[in-house]
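Let's take a look at the empty spaces in a protein and at what fills them. Keep the 3D view open while you read.

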Amino acid sequence: MQLRIESSTQAFARPRSSGTLSVLMKVASHQLRCTGCAAAISPDAAPADFRCPVCSGLYDVVYPWSSAALRNFSDRPGSVTSGSMMPDTNLPNPSALRWLWQERRTSTMPVDQSGVWRFRDLLPILQNPENPVTLREGNTPLYDLPRSAKSLGIDFLLAKHQGISNPTGSFKDTGMTAALSVALERGYEWVACASTGNTSASMAAYAARAGLRSVVLIPEGKIAWGKLSQSMDYGAVTLQLRTDFDGCVRILNELIRRLPIYLLNSVNPYRAEGQKTLAFELVEQLEGQVPEHILVPGGNLANGAAIGKGFREMLELRLIPRLPKISVIQAEGANPLVRSWMENDGETLVPVVADTRASAIRIGNPASFRKAVDTIRSTGGWIAQVSEQEIALAKAEIGAEGIGCEPASAATLAGLKKLVAGGRITPEERVVLILTGHTLKDPEYTIDYHRGTLLDRAELAQATPSGLALHAALRKPPQVLDADTDTVLRAIDAVLLPSPLSS
Ligand code: F0G
């Protein structure tokens with residue numbers, strides 16, 4: 001056994017060591033700070049598992065202009081809204097930044113066309129910032145959801161669709177371009193992740209683009225087909241393990257101890273640097289306004305924290321006057337955050353054995369639990385859990401808006417309904433849902449829903465009478481007919497009844 005590991009090690013090149021000059025440059029541009037004990041380290045000292053050797057906390061990337069505020073952030077939840085904490089020196093100029101970011105939109109250079117690297121001034125993580133591994137990620141659309149807003153009785157409801165425009169169809173691309181560019185600069189030849197499907201698809205694409213080899217660990221039979229096909233298409237070594245996502249993470253941690261593979265799970269702090277640019281892009285799209293609420297689906301719990309970091313940095317730089325509330329929505333069957341909040345006010349993680357059809361967020365032991373709790377607390381956000389029936393209905397409603405999304409993303413709309421019903425979100429507040437993945441990621445789910453085979457009786461029985469009526473109106477099962485015009489006309493006639501959706 002030992003021999004096999006030794007021999008496989010040969011296949012992995014050791015990372016090239018970076019020269020003294022480049023180390024100095026990197027130290028000058030950013031540091032990694034533990035979110036647990038606040039110990040700061042140089043990027044070159046990052047442990048392979050990106051966990052603090054003292055307290056096992058995860059790292060955040062901090063910059064000279066952000067460090068003071070971030071140091072205070074974990075000590076004093078909520079206090080980041082105070083402008084008095086801003087460091088006085090080395091602050092990028094807000095107006096100059098806004099101008100520069102707009103200017104780059106007309107450029108034909110890939111680095112400027114990327115919706116992540118267009119904001120590179122606020123993620124100076126590369127020695128060669130003009131040449132990242134990019135597939136022109138980001139630049140994702142912001143749609144209104146008029147029918148959902150009307151039925152909820154709220155005035156302003158938008159969806160930032162990270163599944164559209166991103167090259168592999170999910171928000172993971174915004175983080176992957178950043179972290180994979182770091183892997184390449186640091187001389188790694190192999191990268192790896194454990195995934196519920198989207199991280200692996202994204203990593204495989206960016207690794208292929210960069211000429212790196214990638215290893216994907218996914219739970220066998222528990223990821224959507226679209227995602228599985230992507231990692232194969234992009235040439236990753238795709239390993240389906242007979243376990244769940246949390247089991248894949250455990251094996252991956254063993255692997256990186258034995259082999260010089262660069263870890264690209266969301267514990268890698270550079271992923272958040274790319275994902276945080278959603279905040280910059282959203283504020284631009286809203287012409288400088290900040291919504292009151294942002295809702296994200298929660299799995300490994302990194303995305304909400306990354307978006308929160310983006311907004312915090314904008315606040316520190318006086319690009320915005322206040323923070324939005326960031327709320328995280330989980331599936332009832334994969335709810336460790338909600339459970340921890342109910343059992344101990346979010347002080348310690350209560351892991352669960354996760355089970356939900358929204359396979360992207362089927363995670364019981366989320367790595368970024370602490371970061372997510374800090375983000376929710378410091379922004380005044382909420383948490384909610386939603387049932388399988390509620391997710392399915394919300395997904396069909398988003399589909400009926402002509403947008404569509406994968407099941408995990410629809411948890412946001414289902415969660416919004418709960419927060420509005422509970423008075424946590426009021427009608428005049430502006431709400432943005434983060435839709436994280438494209439509807440084609442998981443076509444099987446959609447087909448099962450419309451054929452009526454997705455939800456079982458017990459799940460449907462949980463729906464309210466109006467929910468049941470909505471399910472009936474939204475379900476559009478495919479019909480198999482003879483190739484005969486009259487038969488087709490009869491089928492069309494049958495659906496020309498007044499629809500509850502049009503009232
Ligand atoms: N939505 C989608 C579509 C996802 O793929 C994920 C996570 C999430 C939401 C949750 O984001 O983990 O930052 O809280 N997918 C990971 C993966 C775990 O491996 O693709 P999170």
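Which residues are the closest to the ligand, and how many surround it? The ligand has 20 residues around it, and the closest are Ser-195, Thr-199, Asn-300, Leu-301 and Thr-436. Bear in mind that this is a predicted model.

## Around the ligand

Sort the shell around the ligand by class and you get eight nonpolar, ten polar and two charged residues.

Now zoom in on the oxygen atoms of the ligand. A backbone N or O atom of Leu-301 sits 2.7 Å from one ligand oxygen atom. Asn-198 uses its side chain instead: an N or O atom there is 2.8 Å from an oxygen atom of the ligand. Ala-302 joins in with a polar backbone atom, 3.1 Å from a ligand oxygen atom. How much of the ligand does the protein bury? On its own the ligand would expose 470 Å², and the protein buries 98% of that.

## The largest cavity

Here's a handy idea for this part: rolling a probe the size of a water molecule over the atoms shows where empty space is left. In this structure there are five cavities of 30 Å³ or more, and the largest cavity has a volume of about 330 Å³. Its lining counts 29 residues, and those closest to the centre are Phe-171, Lys-172, Gly-299, Asn-300 and Ala-360. So what takes up this space? It's the ligand: the space it takes is the largest cavity.

Several elements help to build the wall. Helix 8 (198-210), helix 11 (269-275), strand 10 (293-297) and helix 13 (303-316) each give at least two residues to the lining of the largest cavity. By class, that lining has twelve nonpolar, 14 polar and three charged residues.

## The second largest pocket

Next, move over to the second largest pocket, which holds about 500 Å³ of space. It is lined by 25 residues, and Arg-51, Val-267, Asn-365, Pro-366 and Ala-367 are the closest to its centre.

Which helix supplies the largest share of this lining? That would be helix 10, with seven residues. Helix 10 covers 245-258, and helix 15 (369-379) also supplies at least two residues of the lining. As for the mix of classes, the lining of the second largest pocket has ten nonpolar, eight polar and seven charged residues.

Notes: Residues numbered from 1 in each chain as written. Predicted model: local features only at pLDDT ≥ 70, side-chain atom pairs only at ≥ 80, totals over all residues. Heavy atoms only, no water. 1 Å grid on protein atoms, 1.4 Å probe; cavity = no way out; pocket = protein on both sides within 12 Å on 5 of 7 lines; lining within 4 Å. Points joined across faces, edges and corners; volume = space filled by probe spheres on them. Helix = DSSP H or I, 4+ residues; strand = E, 2+ residues; numbered from the N terminus. Nonpolar A, V, L, I, M, F, W, Y, C, P; charged D, E, K, R; others polar. Near = heavy atom within 4 Å. Polar contact = N/O pair within 3.5 Å; in protein donor to acceptor, adjacent residues only side chain to side chain. Areas by Shrake-Rupley, 256 points an atom, 1.4 Å probe, with all protein chains shown as cover. Sits in = over half its atoms within 2 Å of the grid points.
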